[in-house]
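Me: Can you take me through the labels people put on a model like this? I'd like to hear what stands behind each one.

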Amino acid sequence: MLPASQSTTTRFSRDFFPPHVVAFVSDRSADFKLSKDAPELTKPQNTFLTRQLGFRVPEVLTVRQVHGHKIVVAARGAARKSVALEEADGILTDRHNLAIAVRTADCLSVFIYDPRNDVIGLIHAGWRGTQQQIIKKAMTLMRAHWDSRPRDLRVAFGPAIRSCCYQVASPFLEYFPRETVKRKQGYFFDLPQANRNQLAEAGVDAANIMDCGVCTHCDPEYFSYRREGEAAGRMISLMMVRK
Ligand SMILES: [Zn+2]
């Protein structure tokens, strides 16, 4: 395994989120594919995270992703849920030192931070979740639970397949007329742009959106479902308010 300084893992915190907000995406040096039998992190996965983050992650809340628009809200003071994983594609929390995580290999991970309430959110957005406007659902839930205001939010995009590589079928012209382009080879979908547009419609300031810009299909340092098929591993996107 490469030392942290040489790896291609992604961190936004230094320049975009405040220092106490951890936001991290792994590269292909560790596979975080969710196991059916043992959904908790394995020892090698924990070791990898500790090494990358420089501290041991105390507790991780994750979900079984189903390309829907359901979002789990883990509010401070609410009764602890059972250990069973919920089927959902997003997590919101105001709890400190609780890491939330989603897994991707081409889909977009969206990190959300509300500085006024110290609330974080992490969304798994593939084309299906994007079509169901999961990111807008997150804004609605944040407003309902914490009175979050879209104009305060800071949002970051992790690595994902981009319009350079994301060839799609013609129905995408109907699903996403603004973000599907026709080129000589066919139709291509701009997944991050679709989420950017939905954020703008929800009232998030374009200046408060940061995109790491990495295409998982172009860059061999990342897992890509399109490039590698069923055998592709998964990157973990992890976010935590560390206090
Ligand atoms: Zn590409």
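Below, each label is set against its cut-off.

Reply: First the ground rules. This is a predicted model, with local features needing pLDDT of at least 70 and side-chain atom pairs counting only at pLDDT 80 or more, while totals for chains, interfaces and linings use all residues. Residues are numbered from 1 along each chain as its sequence is written.

Me: What makes G121 a buried residue?

Reply: A residue is buried if 20 or more other C-beta atoms lie within 10 Å of its own, exposed if 12 or fewer, and partly exposed in between, with C-beta atoms placed from the backbone. G121 has 25 other C-beta atoms within 10 Å, so it's buried.

Me: Which residues does G121 touch?

Reply: Leaving out residues up to four places away in sequence, G121 touches G90, I91, L92, I112, A138 and M142. Touching here is a contact, with C-beta atoms (placed from the backbone) within 7 Å. The C-alpha atoms of G121 and A78, on the other hand, are separated by 17 Å, and the two sit 43 residues apart along the chain.

Me: Where is G121 found, and what does that strand pair with?

Reply: G121 is in strand β8 (residues 119-125). Strands are DSSP runs of E, at least two residues, and helices are runs of H or I, at least four, numbered from the N terminus. β8 pairs with β7 in the antiparallel sense over seven bridges. The rule for pairing is at least two bridges found by DSSP. D114 stands opposite V119 in β8. There are four residues between the strands of this hairpin, and D118 takes a positive phi near 55°.

Me: How do you know that β7 is mostly covered?

Reply: Seven of the seven residues of β7 (residues 108-114) are buried. L108, V110, I112 and D114 are buried on one side, and S109, F111 and Y113 on the other. In a regular strand the side chains alternate between the two faces of the sheet. β7 also runs antiparallel to strand β9 (residues 154-157), joined by four bridges, and Y113 stands opposite R154 in β9.

Me: Why are β1 and β3 said to stand at the edges?

Reply: They belong to an open sheet of five strands in the order β1-β2-β14-β6-β3, with mixed pairing. β1 (10-11) and β3 (60-62) each have a single partner strand, so one side of each is left without a neighbour in the sheet. β1 pairs with β2 (residues 21-25) in the antiparallel sense over two bridges. R11 stands opposite F24, and T10 opposite V25.

Me: What makes β2 largely enclosed?

Reply: Four of its five residues are buried, so β2 is largely enclosed by the rest of the structure. β2 and β14 (residues 235-241) pair antiparallel over five bridges, with V22 opposite M240.

Me: Why are α3 and α5 called roughly parallel?

Reply: Two packed helices are described by the angle between their axes and the distance between the axes. α3 (residues 134-146) and α5 (residues 191-202) pack at about 30°, with axes 9 Å apart. Angles under 35 degrees count as roughly parallel, over 145 as roughly antiparallel, 65 to 115 as roughly perpendicular and the rest as oblique. So α3 and α5 are roughly parallel.

Me: Which residues meet there?

Reply: I135, K136 and M139 in α3 meet N195, Q198, L199 and A202 in α5. By class, that contact has four nonpolar, two polar and one charged residues. Ala, Val, Leu, Ile, Met, Phe, Trp, Tyr, Cys and Pro count as nonpolar, Asp, Glu, Lys and Arg as charged, and the others, Gly among them, as polar.

Notes. Axes are lines fitted to C-alpha atoms, for helices over the stretch in contact, and angles run from 0 to 180 degrees between N-to-C directions. Two residues are in contact if their C-beta atoms, placed from the backbone, lie within 7 Å.
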